[in-house]
Amino acid sequence: MTVDVGSQMRKGVVEYCVLGLLARGPRYGWELAEQLTAAGMIASIGTLYPLLARLRQSGWVRTFDQRSDAGPVRRYYELTGDGEEQLARFRRQWDPFARSVAALISEEES
């Protein structure tokens with residue numbers, strides 16, 4: 001049996017990648033999907049909306065609607081104060097975690 005390690009890693013961090021993008025400013029769903037797909041974090045837009053719904057239910061993200069010059073009204077997502085706190089916690093833990101993993105899986109002994 002072959003395990004898709006990349007898929008498992010993405011599941012653990014994709015919500016924080018969304019929070020990181022939203023920390024740069026509000027974005028609408030299609031825009032988020034394009035950025036996350038290009039980065040290889042999600043396979044399709046269909047996987048994004050359930051994640052956004054969970055982030056909204058957790059209180060980390062809120063939405064607002066805004067008219068678009070290019071078509072219909074767009075639903076935008078933005079961070080809440082709780083979302084900013086969660087992202088800050090993740091950022092504090094990510095670098096030490098990533099360094100530890102890199103050291104453990106390195107081909108060279110540290």
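The following exercises, each with a worked solution, concern the predicted model shown above.

The model is predicted, so that local features need pLDDT of at least 70, side-chain atom pairs count only at pLDDT 80 or more, and totals for chains, interfaces and linings use all residues. Residues are numbered from 1 along each chain as its sequence is written, and side-chain values use heavy atoms, with hydrogens and water left out.

**Exercise 1. Overall architecture**

Task: State how many helices and strands the protein has, and in which pattern they follow one another.

Solution.
1. Helices (H or I, at least four residues) and strands (E, at least two) are taken as DSSP runs, numbered from the N terminus.
2. On that basis the protein has four helices and three strands.
3. Their order along the sequence is α-β-α-α-β-β-α.
4. The C-alpha trace spans about 55 × 35 × 25 Å along its principal axes.
5. UniProt, in an unreviewed entry, lists residues 18-88 as "domain: Transcription regulator PadR N-terminal"; positions are given in the numbering used here, feature names are shortened, and such annotations may be inferred rather than shown by experiment.
6. Over residues 18-88, 48% of the chain is helix and 27% is strand, with the end C-alpha atoms 13 Å apart.

**Exercise 2. The nonpolar core**

Task: Identify the elements that give two or more residues to the largest nonpolar core.

Solution.
1. A nonpolar core is a set of buried Ala, Val, Leu, Ile, Met, Phe, Trp, Tyr and Cys residues joined through side-chain atoms within 4.5 Å.
2. Buried means under 20% relative accessible area, exposed over 50%, and partly exposed in between (1.4 Å probe, protein chains only); 30% of the 110 residues count as buried.
3. The largest core has 21 residues, and Val18, Leu19, Leu22, Leu32, Leu36, Leu48 and Leu55 have the most contacts inside it.
4. The elements sought are helix H1 (5-23), helix H2 (29-38), helix H3 (48-57) and strand E3 (71-79).
5. H1 gives the most, with seven residues.
6. As an example of the packing, Leu36 is in contact (heavy atoms within 4.5 Å) with Cys17, Val18, Leu21, Met41, Ile42 and Leu48, leaving aside neighbours within four places in sequence.

**Exercise 3. Two adjoining residues, Pro26 and Arg27**

Task: Determine whether Arg27 is buried or exposed, and treat Pro26 likewise.

Solution.
1. Arg27 is found in strand E1 (residues 27-28), whereas Pro26 is found in the loop between H1 and E1.
2. Arg27 counts as buried because its relative accessibility is 11%.
3. Pro26, at 39% relative accessibility, counts as partly exposed.
4. Not counting residues up to four places away in sequence, Arg27 touches Leu21, Leu22, Leu32, Gln35, Arg75, Tyr76 and Tyr77.
5. With the same exclusion, Pro26 touches Phe64, Tyr76, Tyr77 and Glu78.
6. Arg27 and Glu78 are 51 residues apart in sequence, yet their C-alpha atoms are 6.8 Å apart in space.

**Exercise 4. Salt bridges**

Task: List the salt bridges of the model and locate the partners of each.

Solution.
1. Side chains of opposite charge can pair when their charged atoms come close.
2. The criterion is a side-chain nitrogen of Lys or Arg within 4 Å of a carboxyl oxygen of Asp or Glu, and the count comes to three.
3. Glu78 and Arg62 meet at 2.9 Å, N to O. Because Glu78 lies in strand E3 and Arg62 in strand E2 (residues 61-68), this pair ties together parts 16 residues apart in sequence.
4. Arg75 pairs with Asp65, the closest N and O atoms being 3.1 Å apart. Arg75 lies in strand E3 and Asp65 in strand E2, so the pair ties together parts 10 residues apart in sequence.
5. Arg89 pairs with Glu85 at 3.9 Å between the closest N and O atoms. Both lie in helix H4, four residues apart, about one turn of the helix.
6. As to accessibility, Glu78 is partly exposed at 22%, and Arg62 is partly exposed at 41%.

**Exercise 5. A nonpolar surface patch**

Task: Name the residues that make the nonpolar surface patch, and place Leu104 in the structure.

Solution.
1. Patches are made of residues with over 30% relative accessible area and no salt bridge; like charges are joined within 9 Å, and nonpolar side chains (Val, Leu, Ile, Met, Phe, Trp, Tyr) within 5 Å.
2. Accessible areas come from the Shrake-Rupley method with a 1.4 Å probe, and for residues only the protein chains shown count as cover.
3. Trp94, Phe97, Val101, Leu104 and Ile105 make a patch of about 550 Å².
4. Leu104 is found in helix H4 (residues 81-105) and is exposed, with a relative accessible area of 72%.
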